[in-house]
Amino acid sequence: MNTNGQIPLVDLVTPHQELEDELVSVFKTALKTAGFIGGPIVEAFEREFAEFCGVPCCVGVGSGTDALRFALIAAGVQPGDTVVTVPNTFIATTEAISQAGARSDFVDVDERTYTMDPERLRSYLETECTRDLQTGRAVSKRTGSPVTALIPVHLYGQMADMDPILELAARYNLVVIEDACQAHGAEYFSKKENRWRKAGSLGRAATFSFYPGKNLGACGEAGAVTTNDEALARQVRMLRDHGQSKKYYHDVEGYNGRIDAIQAGILRVKLQHLGRWNEERRQTAERYNELLAPLAGSVATPYQPSWSKPVHHLYVIRTSYRDELQRHLTAAGIGTGIHYPIPIHLQVAYAALGWTRGDFPVSEDAADQILSLPMFAGLRSRDQHRVVEAVAAFASVRSIS
Ligand SMILES: *Cc1c(COP(=O)(O)O)cnc(C)c1O
């Protein structure tokens, strides 16, 4: 899609037009059986997505936010607990923590990857927590409550540096829930195990969103929890369905958080293309890296550590002239985005928690300088050239290259 010479940040229309017949037949099948909730299509998708992630269990839920909330509760996070995550994420991460009754604490991110900095996590646990002598747990000095879980966010399609994070989690007895909502198919090389591991297979549980704009997107809302832990999966199955173990037998109070069969059927169709789409995103990212290399003095391209095989949910550059560059690209008909403009700790919604500017400087500086360029499977090479030419033209006018 390239209407009126505009290059969108993301093209959601073309892939759906290409798959129209298959997607419509999903809907027709559902109409024939009126099997709209649960049933064999949902179960088939859960099996296939579990296999894709290299885990035994997947539970489809209503959204990525549901997935995070259910994973935390099922993993045993209690009301009043403290859960640690990063400030530069989508608010769903901290919404889920609050909705599970817990409190968020933050550690800042690595300057180059924008994902949780294991050194800062170590320093948080060592200096911003005390150790409860009875339980051995870290207790946050700020919240006064035990730190029981950790949510590293695999941002922009690249996983967090999981080896040292998992090691610290083991040492402090913390449950790790991966926020893999932007990382369907991303991989991490675990030195400890000497092999590549898929996003969603490393934590106690992991959470995925199938919001339409994600690498694997539904035609509506959907999400999933993946895990190696059968008991946790069973718990999530109950939580998504009003706490039922069987119909009208409610073991716990749960939620209405099911994935519907039409979305599951749509996701099954699209899952078959995800590997190819991710490969196209990789090629697109490489082309951007090459084309933008001459501007290295003023525009930083995404950093990819040797342990990472990202799936480039977003292609995020960094420049101190971000706002002007964004205006310039908008005027040239090029769609851009900022993911995200305000770090979570500075959002109005959390004003009462008392965070201030300066608390997490790496996230704050990034928020002022990052810019997401058009990135999607099917982005044509000539359109990419146009994007880079527009960036270069701006850089030369500003004489910043
Ligand atoms: C999209 C996203 C979510 C939330 O997913 P929904 O399906 O929109 O509820 C959570 N975390 C991150 C990092 C996301 O990008």
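Tyr 172 touches Leu 125, Glu 126, Arg 131, Arg 137 and Ala 138 once residues up to four places away in sequence are set aside, a contact being heavy atoms within 4.5 Å. The model is a predicted one, in which local features need pLDDT of at least 70 and side-chain atom pairs count only at pLDDT 80 or more, whereas totals for chains, interfaces and linings use all residues. Residues are numbered from 1 along each chain as its sequence is written, and side-chain values use heavy atoms, with hydrogens and water left out. Tyr 172 sits in the loop between α7 (162-171) and β7 (175-179), where helices (H or I, at least four residues) and strands (E, at least two) are DSSP runs numbered from the N terminus. Tyr 172 counts as buried because its relative accessibility is 7%, the term buried meaning under 20% relative accessible area, with a 1.4 Å probe and protein chains only.

Leu 125 also appears among the residues that touch the most other members of the largest nonpolar core, which has 83 residues; Phe 49 and Leu 150 are also among them. Such a core is a set of buried Ala, Val, Leu, Ile, Met, Phe, Trp, Tyr and Cys residues joined through side-chain atoms within 4.5 Å. Its largest share, 8 residues, comes from α9. A second, separate core of 27 residues includes Leu 68, Ala 102, Ile 151 and Val 236. Leaving aside neighbours within four places in sequence, Leu 150 is in contact with residues including Val 83, Met 116, Leu 121, Ile 165 and Ile 177.

Phe 49 leads to helix α3 (residues 40-53), since named among its buried residues are Phe 45, Phe 49 and Phe 52. This helix of 14 residues reaches 20 Å from its first C-alpha to its last, close to the 20 Å expected at 1.5 Å a residue, the expected span being 1.5 Å times one less than the number of residues. The buried residues of α3 pack against elements that include β1 (57-61), β10 (205-209) and α9 (261-292). After α3 comes Gly 54, with a positive phi near 75 degrees.

Around the ligand there are 15 residues, of which Gly 64, Thr 65, Gln 182, Ser 209 and Lys 214 come nearest, a residue being near if one of its heavy atoms lies within 4 Å. A polar side-chain atom of Asp 179 lies 2.9 Å from a ligand nitrogen atom, while a polar side-chain atom of Gln 182 lies 2.8 Å from a ligand oxygen atom. In the side chain of Lys 214, an N or O atom is 2.8 Å from an oxygen atom of the ligand.

Terms used: Buried means under 20% relative accessible area, exposed over 50%, partly exposed in between (1.4 Å probe, protein chains only). A polar contact is a pair of N or O atoms within 3.5 Å; within protein, one must be able to donate a hydrogen and the other to accept it, and residues adjacent in sequence count only if both atoms are side-chain atoms.
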